[in-house]
Amino acid sequence: MMTNAILNKKQICTTAGMVTVYNFDGLTGEYSHPSVEVLPVGVGIPAHGCTEKPPAEKTGWAVIRNAENTAWLSVPDHRGETVYCTHTGDSVPVTTPGEYPDNTTRLVPATDFDTWSGTEWVTDTDAQSAAAVQHARMKRDELILEAETRSSDWKVDLMLGMLSDEDQSRLIAWRGYIKQLQSLDTSAPEHITWPELPTC
């Protein structure tokens, strides 16, 4: 039966034999698995491993090796959760063990116009209102352009005296729709009633 290896302070084998190595991730330091290594004299244990047994795992916690490879640490494990950047409001998935990333919060911003106060999200209502007005103006202008394009051939036919009675009715309906759009007050988008498209 093979004897246990003896290691010096530098973890170099001085007496050949078997040793249990507790392996961890080279980037995060998270404990992964044990392995039994057979070491000859003068050989050290594999990289990203140690001979110190890690503490028992607990739900909601992860076991990692410290950067100096001198001790095991139990740290919170929030992987799978989503936090939010306090500078941008963007969602940030938590992918590594440890505390939440800096400059993040678990609180979800309510709108695209929220800013972080230090303890909570606060909506910038002025910016929100300005954006709503801009959106309403863009929508109105797009609808007018679409209606103008739709009725352009009829207007040409009218100037040339070639417009049929049926197309004249269509042109009148679409011109009325355009007039309704042009009269909309986009400064109060929450009160806008958008006109319906002509059916003809």
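## A salt bridge within helix α2

Arg170 and Asp167 form a salt bridge, and their closest N and O atoms sit 2.5 Å apart. Keep in mind that this is a predicted model. Both residues belong to helix α2, where Arg170 and Asp167 are three residues apart, or about one turn of the helix.

How buried or exposed are the two partners, Arg170 and Asp167? Arg170 has a relative accessible area of 23%, so it counts as partly exposed. Asp167 comes in at 19% and is buried, because the cut-off for buried is under 20%.

## Other charged pairs

Salt bridges that share partners also link Glu30, Asp77 and Arg79 into one network. Within it, Arg79 pairs with Glu30, with 2.7 Å between the closest N and O atoms. What does this pair of Arg79 and Glu30 tie together? Arg79 is in the loop between β7 (72-76) and β8 (82-85), while Glu30 is in the loop between β3 (17-24) and β4 (31-39), so the bridge connects parts that are 49 residues apart in sequence. As for cover, Arg79 is partly exposed, at 32% relative accessible area.

Another bridge joins the side chains of Arg140 and Asp141, at 3.1 Å from N to O. Here Arg140 is the buried partner, with 18% relative accessibility, and Asp141 is partly exposed, with 39%. The count for the model is nine salt bridges. As a general point, side chains of opposite charge can pair when their charged atoms come close.

## The core between the helices

Now for the nonpolar side chains. The largest nonpolar core has 13 residues, and the members that touch the most others are Ala147, Trp154, Trp174, Tyr177 and Leu181. Which elements give two or more residues to this core? They are α1 and α2. In soluble globular proteins, nonpolar side chains tend to be buried together.

Trp174 is a good residue to click on if you want to look around in this region. Setting aside neighbours within four places in sequence, Trp174 is in contact with Ala147, Arg150, Ser151, Trp154, Leu197, Pro198 and Cys200. Two of those contacts, Ala147 and Trp154, are also on the list of core residues that touch the most other members.

## A nonpolar patch on the surface

Some nonpolar side chains sit on the outside instead. Val156, Met159, Leu160 and Met162 make up a nonpolar patch on the surface, with about 460 Å² of accessible area together.

Met162 is found in the loop between α1 (125-159) and α2 (165-182). Its relative accessibility is 56%, so Met162 counts as exposed, the cut-off being over 50%.

## Two open sheets of three strands

One open sheet runs in the order β9-β8-β10, with antiparallel pairing. Because β9 and β10 stand at the edges with a single partner strand each, one side of each has no neighbour in the sheet. On one side, β8 pairs with β9 (residues 91-93) over three bridges, and Thr82 has Pro93 in β9 as its bridge partner. β8 also pairs with β10 (residues 104-105), over two bridges, and there Cys85 stands opposite Thr104. The hairpin of β8 and β9 has five residues between the strands, and in it Gly89 takes a positive phi near 80°.

Another open sheet of three strands has the order β4-β3-β5, again with antiparallel pairing. Its edge strands are β4 and β5 (49-50), each pairing on one side only. β3 and β5 run antiparallel and are joined by two bridges, with Tyr22 opposite Cys50 in β5.

## The β6-β7 hairpin

How many bridges join β6 to β7? Five of them do, and the two strands run antiparallel, with β6 covering residues 61-65. Trp61 stands opposite Pro76 in β7.

β6 and β7 form a hairpin with six residues between them, and Asn69 in the turn has a positive phi of about 60°. The β7 end of this hairpin also leads back to the charged pairs, as the loop between β7 and β8 is where Arg79 lies.

How values were computed. Residues numbered from 1 in each chain as written. Predicted model: local features only at pLDDT ≥ 70, side-chain atom pairs only at ≥ 80, totals over all residues. Heavy atoms only, no water. Patch = residues over 30% accessible without salt bridge, like charges linked within 9 Å, V, L, I, M, F, W, Y side chains within 5 Å. Areas by Shrake-Rupley, 256 points an atom, 1.4 Å probe, with all protein chains shown as cover. Salt bridge = Lys/Arg side-chain N within 4 Å of Asp/Glu carboxyl O. Helix = DSSP H or I, 4+ residues; strand = E, 2+ residues; numbered from the N terminus. Buried < 20%, exposed > 50% of the residue type's maximum accessible area, 1.4 Å probe, protein only. Core = buried A, V, L, I, M, F, W, Y, C linked by side-chain atoms within 4.5 Å. Contact = heavy atoms within 4.5 Å. Pairing = 2+ DSSP bridges.
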